[in-house]
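Visitor: Could you walk me through this one? I'd like to begin with the backbone and then wander from there.

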Amino acid sequence: MATILYYHPLSPPCRSVLLLARMLDIEFDLRSINILEKEQLNQEFVAINPQHTIPTMDDHGLVLWESRVILTYLCSSFAKDDSLYPKDVRARALVDQRLQFDLGTLHRRMQDYVEPTFAYGAYLDEKKKLKITEALDWLNTMLNNGKKWVAGPKMTLADICLCVTVNQIQAFGIDIQSHSNVVEWMQRCKAELEPHGFEFCAADAHLRTTFQSNGSCIVLVNEENVIQRTVPRLFYAAMSPPSRMVRIVAQVIGLPLDLKLVNLEGGSEPKDFLEINPQHCLPTLDDDGIVLWESRAIATYLISTYAKSDDLYPRDPKRRAPVDHMLQFDLGTLYARINDYYGDILYRSRMPDPRKLSALTEAIQIYETILLTRKWAAGDTFTVADISLCQSFCQLEAFEYGLARFPRTNIWYKAVQQQLKPFGYDEINQKVMSQWRAMLKAETDKTTTDRYLEHRKSVMSNS
Ligand SMILES: N[C@@H](CCC(=O)N[C@@H](CS)C(=O)NCC(=O)O)C(=O)O
């Protein structure tokens, strides 16, 4: 009975095992696990490898996964000599180090780069690409001083393994030309491995047609079918209440977002952000060229486009109108007044303005009255208006405004929070609420003189 190998030809770790098998004349009983169809999660396979990764080998009851362990095991068991995996302790240590460099660094960084795209269609992250380039720099240095192979005077398992990874990195559209040692070494590896089917196992041409990198996203193409597409990108800030609202809406409708953190204060916003939103406010959505800001517009667009039902934002005009009404009440009145009053203290170094506080209290009183005749913000059913208004009240809670005076609002607020808990409400809000609270306290604790001086300074510098 032949040794069984569970594999898929697209998987680089599987390809290095297949390549070695050809070099050592090992005939596997090959069992295809189509990871594109998630076959690795089938019960029968998970029973063999609970970590459900390929390659997985079953050599007469010895079940191994982790390709580099399979490689060293196969060499130790089947190779005629020890040239690919030396027995000498010092020589072997070097091969092991390079294999682990591949596992923990080079291959790992490649995975980090492409995984979010394959998992949920995220855009490729330039920073992660730079991490791959850095690892390629190290590989290049390992080959300095005319070294022909990565771990000693002869080709070893480390060369096979690393060259499959580099081949895959190239297939993902990353240019290796600036790493001249790596380029020459790759040619050497290919020449050496070609008689053993390098082209068959790791053919550039095949890979290039399979993975088409369009610059921002890797598109996995299977014959005519595009399997992967890009999910909407959301530029956001963790503390921004409207950003938090959109993230919660996305979670409620089960839509993955490609989240792009923007730090406006530190001036480190990505260039592409300012190019698409001249008003540079957060959140901003880019859904394959449809660019929107204003959180409530983003939320209603995402629901209309991606939600399975229209419950959160009804299509029927008569049911939709009260939702729009409450969204605009939030934008134009409640949230506007929260910003007006607390913004003076937080950003404008002004004394709290009692008139603005009464305007805010009046807005909450209006909402308390609205709730006289309805359970949720826009009627009898839970809608996006509840999520939006809840985020404004969450901000008031962070500022310790004290909602106890408004019993209906208080009950409604707790009910909305309860609805949103399964969708990451606490994870998104809790930490930043204490940050807002601390910021407000720090600003409120400043003396009147400090405030007056800061205010004057800002007036002078603006005049
Ligand atoms: N370090 C492992 C990586 C194995 C791995 O992540 N394989 C991928 C295919 S390239 C896989 O099985 N993915 C499916 C899964 O993890 O469920 C090795 O070298 O064998």
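Guide: Gladly, and a good place to begin is Asn145, which is exposed, because 6 other C-beta atoms lie within 10 Å of its own. Please keep in mind throughout that this is a predicted model.

Visitor: What is the sign of phi at Asn145?

Guide: Asn145 has a positive phi, about 55°, although it is not a glycine. Most residues other than glycine have a negative phi.

Visitor: And where is Asn145 placed?

Guide: Asn145 sits in the loop between α5, residues 126–142, and α6, residues 157–171.

Visitor: What about Lys38, what is its phi?

Guide: Lys38 is not a glycine either, yet its phi is positive, at about 60°. Lys38 belongs to the loop between β2 (29–32) and α2, and it counts as exposed because 10 other C-beta atoms are within 10 Å.

Visitor: Back to α5 for a second. Is Met142 buried or exposed?

Guide: Met142, which lies in helix α5, counts as buried because it has 20 C-beta neighbours inside 10 Å, and 20 is the number at which a residue is called buried. Met142 and Arg98 are 44 residues apart in sequence, while their C-alpha atoms are 9.4 Å apart in space.

Visitor: Which peptide bonds are cis here?

Guide: The bond from Ile54 to Pro55 is cis, with omega near 5°, and another cis bond joins Leu282 and Pro283, with omega about 0°. Pro55 is in the loop between α2 (43–48) and β3 (56–59), whereas Pro283 is in the loop between α11 (271–276) and β10 (284–287). In general, most peptide bonds are trans.

Visitor: Switching topic: which residues surround the ligand?

Guide: Both Ile54 and Pro55 are in that shell, and the others are Ser11, Pro13, Ile35, Gln40, His52, Thr53, Trp65, Glu66, Ser67 and Leu103. By class, the shell residues divide into six nonpolar, five polar and one charged.

Visitor: You mentioned β10. What is the strand order in the open sheet of four strands?

Guide: The order is β9-β8-β10-β11, and the pairing is mixed. β9 (258–261) and β11 (290–293) stand at the edges with a single partner strand each, so one side of each has no neighbour in the sheet. Ignoring direction, neighbouring strands of this sheet are turned by 20° against each other on average.

Visitor: How many bridges join β8 to β10?

Guide: Three bridges join β8, residues 233–236, to β10, and these two strands run antiparallel. Within β10, Asp286 is the residue that stands opposite Arg233.

Visitor: Now α17. How far apart are its end C-alpha atoms?

Guide: They are 28 Å apart, which agrees with the expected span, because the 20 residues of α17 (425–444) should span 28 Å at 1.5 Å a residue.

Visitor: Which residues of α17 are buried, and what covers them?

Guide: The buried residues of α17 are Tyr425, Asn429 and Glu443. The elements covering them include α10 (241–252), α13 (317–346), α15 (384–398) and α16 (407–420).

Visitor: Last one: how many helices and strands does the chain have?

Guide: The secondary structure comes to 18 helices and eleven strands. Of the 463 residues of the chain, 35% count as buried, and among contacts with a separation of 6 or more, 67% are between residues 24 or more positions apart.

How values were computed: Residues numbered from 1 in each chain as written. Predicted model: local features only at pLDDT ≥ 70, side-chain atom pairs only at ≥ 80, totals over all residues. Near = placed C-beta within 6 Å. Nonpolar A, V, L, I, M, F, W, Y, C, P; charged D, E, K, R; others polar. Buried ≥ 20, exposed ≤ 12 C-beta atoms within 10 Å, placed from the backbone. Contact = placed C-beta atoms within 7 Å. Pairing = 2+ DSSP bridges. Axes fitted to C-alpha atoms, helices over the stretch in contact; angles between N-to-C directions. Expected span 1.5 Å × (residues − 1).
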